[in-house]
Structures are given as C-alpha cells and as structure tokens.
Amino acid sequence: MKDAIKILEKCNLCPRSCQVDRIRGEKGYCAIGNEILVAHYGPHFGEEPPISGMHGSGNIFFSSCNLRCVYCQNFQISHERAGERIAIDELIELFFTLQNMGLNNINLVSPTPYVPFIAKAIDRSKGKGFQIPFVYNSHAYETVDTLRMLDGLIDIYLPDFKYWNGDIALRLSHAQDYPSSARRAILEMKRQVGNLVLKEGIAQKGILVRHLVLPSNLAGSKQVLGWIKKELGIETFVSLMAQYNPLYRASEYPMLTRGIRQAEYDTLLAFLEEEGFENVFVQELESARLFVPNFEREEPFAEHKKDDG
C-alpha cells in the first residue's frame with residue numbers, strides 16, 4: 001500500500017491528472033492534499049434496496065469532488081469541502097464503529113480523491129477481521145489504474161454513469177472526457193466484481209450502475225442504457241434515478257431550471273423494458289425533494305417489475 005500513497009507525489013488519481021505533489025500539501029482540482037476529510041457518516045436508508053435493506057448502509061461522505069457538477073445537490077460538501085480531518089487509523093476505527101451498529105455495508109461516498117488512503121485502510125481492516133462489504137459509491141470519473149488499487153478490496157461498485165455526450169459533460173461538470181473515462185472505469189469495476197450477488201436480498205458483491213435522468217435528455221439516457229446493455233448485459237442491476245433537483249448553480253443554466261417530467265421518465269422505463277433489462281430500480285419523481293444535503297432519505301427507491309401481461 002506504500003506504492004498507492006506514493007502516487008500522490010504526482011497525482012493522477014483521476015482523468016484530470018493534475019500532477020501536483022499532494023504529499024507536500026499541493027492541491028489540484030479537487031483541492032485535497034495529504035489529508036482525509038470526512039463530512040458526515042452514519043446509518044443511511046435511502047440507497048437502493050440491496051444496499052440499504054432494513055438495517056441501513058454505513059455511509060461515509062468524503063469531502064470534495066473531482067467532478068464539480070453545476071447542479072450538485074451536496075455542494076456544501078463537494079464544492080465547499082466542509083468536513084473534519086481524520087487519520088487512516090481513525091478511518092479504520094470508523095469502519096468498525098459502523099460495522100458494530102449492525103449495518104449492511106460500509107458505503108464510501110465520493111471517494112476518488114482518497115483512494116490510496118482508503119485502500120490502505122480497507123487492507124488493514126480486513127487484516128483485523130472486518131466482515132461486512134465495502135461499497136465504492138462514485139461518479140465513475142476515475143482512471144482504471146486508480147481502480148486497480150482497489151482490486152480485491154472493494155466488494156460492491158455503485159457508479160453513476162452521468163453523461164453520454166462530452167460537450168454536455170464539459171458544460172455541466174467541466175469534464176469533456178467524462179463519457180469515455182466513465183466507460184473505461186465501469187468496465188474495470190465489472191471486471192473486478194462481476195454481476196451483483198444478493199444474499200437474502202442484500203448485496204454481497206458486484207456492480208449496480210446508477211443513471212440520473214436530467215431534463216430534456218441532457219444526459220443522453222438511452223445511449224447510456226444502450227451501452228450498459230451491450231457491454232455489461234441485461235442482467236446488470238440498474239438504478240434509474242428521478243431525483244434531479246435544480247440546486248446549487250442550476251438556475252444559471254436555463255436547461256436545468258426544472259425537474260424532470262413524468263413523461264421523460266416513463267419513456268426511459270419503457271425503453272428498459274423493451275431492451276429486456278431484468279433488474280431495475282426506479283424512483284417516484286416526488287423523491288427529488290428528499291435528496292437534499294441533510295442526508296435524511298426515506299426509501300425513495302423501488303424495484304421495477306416488467307408487466308408480463
């Protein structure tokens with residue numbers, strides 16, 4: 001794990017490849033140096049049913065983000081970097097604290113800038129007999145090399161494939177290479193953990209791909225879902241999220257000032273059925289109001305079953 005930390009001397013953890021020396025405290029796009037910043041942790045009940053279940057997911061929200069979406073719903077954390085600095089030993093202690101609460105897993109939210117620290121903490125935790133799965137919950141804007149540091153350490157990958165079009169990704173998340181980077185990252189995630197495996201309805205290992213529907217098809221949703229079918233398979237667990245809410249700087253972008261319409265969402269549900277997807281989670285449009293930075297979520301997901309009529 002020493003080699004993983006060494007990458008911070010010339011940081012290229014994500015596709016931005018800032019090349020700054022974070023060990024010496026230099027900061028690139030994510031504005032994180034040689035530190036771990038945790039904004040919030042605790043039981044969470046608003047993830048997809050195989051993640052939250054009845055007992056909840058042990059979410060750890062890391063501060064900052066290397067994507068910076070203009071409509072970010074957690075902007076106080078992701079953009080303003082609110083959080084408490086902790087050491088690797090304290091992160092390990094946090095893992096065990098959450099495990100002892102009887103939660104289903106440890107859910108690492110926005111972990112990309114911290115991968116070397118996380119890899120070391122997970123490795124040491126598993127050496128001490130840690131039992132529950134680790135979930136890597138990200139936007140998929142990371143490199144294959146970074147993900148390979150986690151091979152054998154992460155049990156469940158929970159990526160959000162956000163955009164199909166690079167120009168849209170540039171305008172809304174300042175990352176024109178997002179689509180190609182996300183495709184490579186998600187393929188690597190699938191290689192590591194395979195399809196989602198459940199035990200009594202709770203995820204043990206595998207990948208569950210999220211996709212946030214945006215107004216006016218800005219995300220290129222059908223193209224994203226079509227790629228998932230072709231490259232990952234119709235058996236892939238997919239979460240079609242309806243929770244878009246025009247927060248942060250969304251008011252500056254006319255295309256983002258409204259929520260999605262029921263007809264937009266229903267069109268994508270019909271597409272998923274037509275394409276034969278077998279495992280899909282859906283949201284009510286009203287759930288958007290629940291997804292605010294206080295992290296109080298009330299089971300917004302449901303399983304979508306095909307009408308065999």
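Here a trainee and a mentor talk through a predicted model of one protein chain.

Trainee: Let's start with the overall picture: what radius of gyration does the protein chain have, and why does it agree with a compact globule?

Mentor: Good place to begin! The C-alpha atoms fill a box of roughly 55 × 45 × 35 Å along the principal axes. For a compact globule of 309 residues one would expect a radius of gyration near 19 Å, so the chain agrees with that at 18 Å.

Trainee: How many helices and strands does the protein chain have, and what share of its residues count as buried?

Mentor: The secondary structure comes to ten helices and eleven strands. Contacts reach across the sequence: among those with a separation of 6 or more, 70% join residues 24 or more positions apart. As for burial, the share of the 309 residues that count as buried is 59%.

Trainee: Which residues touch the most other members of the largest nonpolar core?

Mentor: In soluble globular proteins, nonpolar side chains tend to be buried together. Here the largest nonpolar core has 90 residues. Those touching the most other members are Ile 60, Tyr 71, Leu 91, Phe 95, Leu 108, Leu 172 and Tyr 178.

Trainee: And how many residues are in the other core that lies apart from it?

Mentor: That other core includes Val 135, Ile 156, Leu 158 and Phe 237. Its residue count is nine.

Trainee: Which residues does Ile 60 touch, beyond those up to four places away in sequence?

Mentor: Ile 60 is among the residues that touch the most other members of the largest nonpolar core. Its partners also include His 40 and Asn 107. The complete list is Val 38, His 40, Tyr 41, Leu 91, Leu 94, Phe 95, Leu 98, Ile 106, Asn 107, Leu 108 and Val 109.

Trainee: Moving on to helix H10, how far apart are its end C-alpha atoms, and why does that agree with its 13 residues?

Mentor: Helix H10 covers residues 262-274. At 1.5 Å a residue it should span 18 Å, so the model agrees, with the end C-alpha atoms at a distance of 18 Å.

Trainee: Which residues of H10 are buried, and within what arc do they fall?

Mentor: The buried ones are Tyr 265, Leu 268, Leu 269, Phe 271 and Leu 272. Seen down the axis, they line one face of the helix, because they fall within an arc of 160 degrees.

Trainee: Which exposed residues sit on the face of H10 turned away from the buried side?

Mentor: After H10 comes Gly 276, with a positive phi near 85 degrees, but that residue follows the helix. On the face turned away from the buried side, the exposed residues are Ala 263 and Glu 274.

Trainee: Is Ser 221 buried or exposed, and which residues is it in contact with outside its neighbours within four places?

Mentor: Ser 221 belongs to helix H9, residues 221-231. Its relative accessibility is 2%, under the 20% cut-off, so Ser 221 counts as buried. Its contacts are His 211, Val 213 and Leu 268.

Trainee: Which residues form salt bridges with Glu 35?

Mentor: Glu 35 counts as buried, at 13% relative accessibility. Arg 85 lies in strand S3 and Glu 35 in the loop between helix H1 and strand S1, so their pair ties together parts that are 50 residues apart in sequence. The closest N and O atoms are 3.9 Å apart for one partner and 3.6 Å for the other; in that order, the partners are Lys 27 and Arg 85.

Trainee: How many residues apart are Glu 48 and Arg 210?

Mentor: Their side chains meet in a salt bridge at 2.8 Å, N to O, and both residues are buried. Glu 48 is in the loop between S1 and H2, while Arg 210 is in strand S8. The pair links distant parts of the chain, with a separation of 162 residues.

Trainee: Last one: is Ala 140 buried or exposed, and what about Glu 200?

Mentor: Neither is a glycine, yet Ala 140 has a positive phi of about 75 degrees and Glu 200 one near 55 degrees. Ala 140 is in the loop between strand S5 and helix H6, and Glu 200 in the loop between strand S7 and S8. With a relative accessibility of 0%, Ala 140 is buried, whereas Glu 200, at 80%, is exposed.

Note on methods. Residues numbered from 1 in each chain as written. Heavy atoms only, no water. Helix = DSSP H or I, 4+ residues; strand = E, 2+ residues; numbered from the N terminus. Expected span 1.5 Å × (residues − 1). Buried < 20%, exposed > 50% of the residue type's maximum accessible area, 1.4 Å probe, protein only. Arc of directions from axis to C-beta. Core = buried A, V, L, I, M, F, W, Y, C linked by side-chain atoms within 4.5 Å. Contact = heavy atoms within 4.5 Å. Salt bridge = Lys/Arg side-chain N within 4 Å of Asp/Glu carboxyl O. Rg over C-alpha atoms; globule rule 2.2 N^0.38 Å.
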